[in-house]
Amino acid sequence: MSHLTRGLAGVLLAHALPAATWLPPVRRLTPRLAGRGGARHVALTLDDGPDAASTPLFLDELARLGCHATFFVLGAMLERSPSLGRRIVADGHEIAVHGWHHDNALKTRPGRVSAEVRRTVRLIEDVCGATPSWYRPPYGVFSAEALFAAHRDNLRPVLWTAWGRDWTASATPRSVLATLSPGLDGGATLLLHDSDATSTPGAWRASLGALPGVVATCRATGLTVGPLRDHEVYSSRTSPGHS
């Protein structure tokens, strides 16, 4: 193998290596990146919106449940429904960056991920009057460029500890809750979707229907459900030196 070939292989490996964090065994070894928080709190996160057909229903249901969440928005979706972005923030939820389009970071041309992360940050600031703190890449796939973009724009990269597999045609409220249940423990970060923009049409109904059960299950064991920002609060309260 020539020096040039070895060098190119090294560059490609460095670019792709962060994507390994998508794998559950790797996420377990990186609890901070996976979103592991305080022992008494569960973070509820919703991806791929805002969507005019579904997000308002999630906001209504969360209000009924007395619960807040972190919405990881796509810039292209927010540009289409800016009033929903404003409502997310006005209702007390946290808004975060999921990218502009739902593209795999390892399959995009160099520079695109970085540019689109910044574009999404600026749109959130301009439209919602909020500064996002979190970044979750589409498909949970990080690249070296994606991590650089997050650091540059003061975004903390985060994935999840449990998901509901709510994007499939066979998903139901019962299946979503059953899939999540083994991971409904203190410190968990749950991944659901408030939009079917990148999944089976209508799949969001399974997530919406599962929300009451998810929240009730957590509360029955003394856990608080809320956005990622509260993970930090509960983590500090339960860390050494804090009561």
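**Figure 1. Helix α7 and its buried residues.** In this predicted model, ten places along α7 deserve a look, and they are listed here by name: Val 113, Ser 114, Glu 116, Val 117, Thr 120, Val 121, Leu 123, Ile 124, Val 127 and Cys 128 are buried. An α-helix has 3.6 residues a turn, so residues three or four places apart point the same way. The buried residues of α7 pack against three helices and three strands, namely α5 (75-80), α6 (82-90), α8 (144-152), β2 (70-73), β3 (94-97) and β4 (134-135).

**Figure 2. The length of α7 and the residue that follows.** Helix α7 runs over residues 112-128. Its 17 residues should span 24 Å at 1.5 Å a residue, and the end C-alpha atoms lie 23 Å apart, so the two values agree. Just past the helix comes Gly 129, with a positive phi of about 65°.

**Figure 3. The largest cavity.** Rolling a probe the size of a water molecule over the atoms shows where empty space is left. The count is one cavity of 30 Å³ or more. The largest cavity has a volume of about 100 Å³. It is lined by 12 residues, and Gly 99, His 101, Asp 103, Val 113 and Glu 116 are the closest to its centre. Which helix gives the most to the lining of the largest cavity? Helix α7 does, with three residues. By type, the lining of the largest cavity holds six nonpolar, four polar and two charged residues. Val 113 and Glu 116 also appear among the buried residues of α7.

**Figure 4. The largest pocket.** This pocket holds about 240 Å³ of space. Its lining is made of 15 residues. Nearest the centre of the largest pocket lie His 102, Tyr 139, Trp 163, Trp 167 and His 193. Seven of the lining residues of the largest pocket are nonpolar, six are polar and two are charged.

**Figure 5. The loop between β1 and α4.** Strand β1 covers residues 41-47, helix α4 covers 55-65, and Pro 50 sits in the loop between them. Most residues other than glycine have a negative phi, and most peptide bonds are trans. What kind of peptide bond joins Gly 49 and Pro 50? The bond is cis, with omega about 0°. Asp 48 is in the loop between β1 and α4 too. Asp 48 is not a glycine, yet its phi is positive, about 85°. Is Asp 48 buried or exposed? Its relative accessibility is 1%, so Asp 48 counts as buried.

**Figure 6. Arg 165 in its loop.** Arg 165 is found between β6 (162-163) and α9 (173-180), in the loop that joins them. Its phi is positive, near 45°, in a residue other than glycine. The relative accessible area of Arg 165 is 42%, so this residue is partly exposed.

**Figure 7. Two cysteines without a disulfide.** How many disulfides does the structure hold? The number is zero. Cys 67 is in no disulfide, and its nearest cysteine sulfur, that of Cys 218, is 8.7 Å away. Cys 218 is likewise in no disulfide, with the sulfur of Cys 67 as its nearest cysteine sulfur. A disulfide needs the two sulfur atoms within 2.5 Å, so a pair 8.7 Å apart does not count as one. Cys 67 is buried, at 3% relative accessibility. Cys 218 is buried as well, with a relative accessible area of 1%.

Definitions and conventions
Residues are numbered from 1 along each chain as its sequence is written. This is a predicted model: local features need pLDDT of at least 70, side-chain atom pairs count only at pLDDT 80 or more; totals for chains, interfaces and linings use all residues. Side-chain values use heavy atoms; hydrogens and water are left out. Helices (H or I, at least four residues) and strands (E, at least two) are DSSP runs, numbered from the N terminus. Buried means under 20% relative accessible area, exposed over 50%, partly exposed in between (1.4 Å probe, protein chains only). On a 1 Å grid over the protein atoms alone, a cavity is a set of points where a 1.4 Å probe fits but cannot get out, and a pocket is an open set with protein on both sides within 12 Å along at least five of seven lines; lining residues have an atom within 4 Å of a point. Grid points are joined across faces, edges and corners, and a volume is the space filled by probe spheres set on the points. Ala, Val, Leu, Ile, Met, Phe, Trp, Tyr, Cys and Pro count as nonpolar, Asp, Glu, Lys and Arg as charged, and the others, Gly among them, as polar. The expected span of a helix is 1.5 Å times one less than its number of residues. Contact means heavy atoms within 4.5 Å.
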